[in-house]
Amino acid sequence: GTNFILEVAAVAPDARHTMIVTRDVTEGRRLEEVRRDFVANVSHELRTPLTVISGFLDLEKDDDGANREVLAYHRSLMREQTKRMRMLLDDLLTLSRLENEDEGSTDEPDVVAMPKLVEDVVREGKALSMGKHDFLVEIEDVSLVGFADELRSAAMNLVSNAVRYTPEGGSITVRWGRYGTGSCFSVTDTGIGIDAKHIPRLTERFYRVDKGRSRATGGTGLGLAIVKHILRHNGGTLAIESTPGKGSTFSMRFPEARTFSKF
Ligand code: ADP
């Protein structure tokens, strides 16, 4: 297995506006601790929905007289918890697949038509938002060498976070194009923002600024950990800029060697 600790590579001088470029630093002495925390977290995350489901099942067993509406309500809550467990297991499988790829996969990357991929992701983001946010989209005709399914999933994670952490009426800007001699996919939201002290830890598995909000909006706490692994497998880096109460920008940057653009 592989575990990574983020190293702060750059912090903007203005303390209210934080920008951190993540870099993976493996640190042997923390590995065991990280592994223990991970098992404890997974157990806890699975236990919570199971407790709810078994609680309602017991309730129904003991209460023959319960009316139809109450039973239907209980069932809808159980369905919701089942969905939570499925999402968590899907994300765990994705993470473990990505870790196996780290250990030497033979798959070769392809040239990915990013404009189409980004358009698809924006369409899905709009569906998630259900009209609650304005979307602004800027796409340049630039392609990328990488793994299309992974890039789509990483981009979708960032867009769905923007939707989930931006109140109704806010705006979400999705950009894809050249960045220096390479390329960059970014999502800027006008949402709740993130306090500087949390930023270096956001890509840790199950690290959340606000557990309640993350769960309530359908988060597993694994999204950014997955994004980080995908970027490593695709030669990119993640940059996070945020101002609490104003919004955030999450950027995936790729080097020149991965970027194909027509000038
Ligand atoms: P989650 O499923 O909890 O959203 P992620 O790994 O995707 O898990 O994100 C980790 C944490 O980072 C979130 O719980 C949230 O606190 C914070 N976060 C991620 N994206 C944003 C955003 N666009 N705006 C504000 N906070 C964010």
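Buried means under 20% relative accessible area. The views below show a predicted model.

**View 1. Surroundings of Thr259 in strand E10.** Strand E10 spans residues 259–261. Thr259 counts as buried because its relative accessibility is 14%. Its side chain makes a polar contact of 2.9 Å with the side chain of Ser183. The Thr259 side chain also reaches the backbone oxygen of Pro255, at 2.8 Å. Leaving out residues up to four places away in sequence, Thr259 touches Val142, Ser143, Leu144, Gly182, Ser183 and Phe254.

**View 2. The largest nonpolar core.** This core has 44 residues, and Phe185 and Met252 have the most contacts inside it. Helix H4 (residues 148–164) gives the most to the core, with 8 residues. Beyond its neighbours within four places in sequence, Phe185 is in contact with ten residues' worth of surroundings that include Val118, Ala155, Leu158, Trp176, Phe250 and Met252. A second, separate core of 5 residues includes Ile53, Phe56, Met78 and Met85.

**View 3. Polar contacts of the ligand.** An N or O atom in the Arg164 side chain lies 2.9 Å from a ligand oxygen. For the side chain of Asp189, an N or O atom is 2.8 Å from a ligand nitrogen. A polar backbone atom of Gly223 is 3.3 Å from an oxygen atom of the ligand. On its own the ligand has 530 Å² of accessible area, of which the protein covers 98%.

**View 4. The shell around the ligand.** Of its 20 residues, Tyr165, Asp189, Ser214, Gly221 and Leu224 come nearest. The shell divides into 9 nonpolar, 8 polar and 3 charged residues.

Technical notes
Residues numbered from 1 in each chain as written. Predicted model: local features only at pLDDT ≥ 70, side-chain atom pairs only at ≥ 80, totals over all residues. Heavy atoms only, no water. Core = buried A, V, L, I, M, F, W, Y, C linked by side-chain atoms within 4.5 Å. Buried < 20%, exposed > 50% of the residue type's maximum accessible area, 1.4 Å probe, protein only. Helix = DSSP H or I, 4+ residues; strand = E, 2+ residues; numbered from the N terminus. Contact = heavy atoms within 4.5 Å. Polar contact = N/O pair within 3.5 Å; in protein donor to acceptor, adjacent residues only side chain to side chain. Near = heavy atom within 4 Å. Areas by Shrake-Rupley, 256 points an atom, 1.4 Å probe, with all protein chains shown as cover. Nonpolar A, V, L, I, M, F, W, Y, C, P; charged D, E, K, R; others polar.
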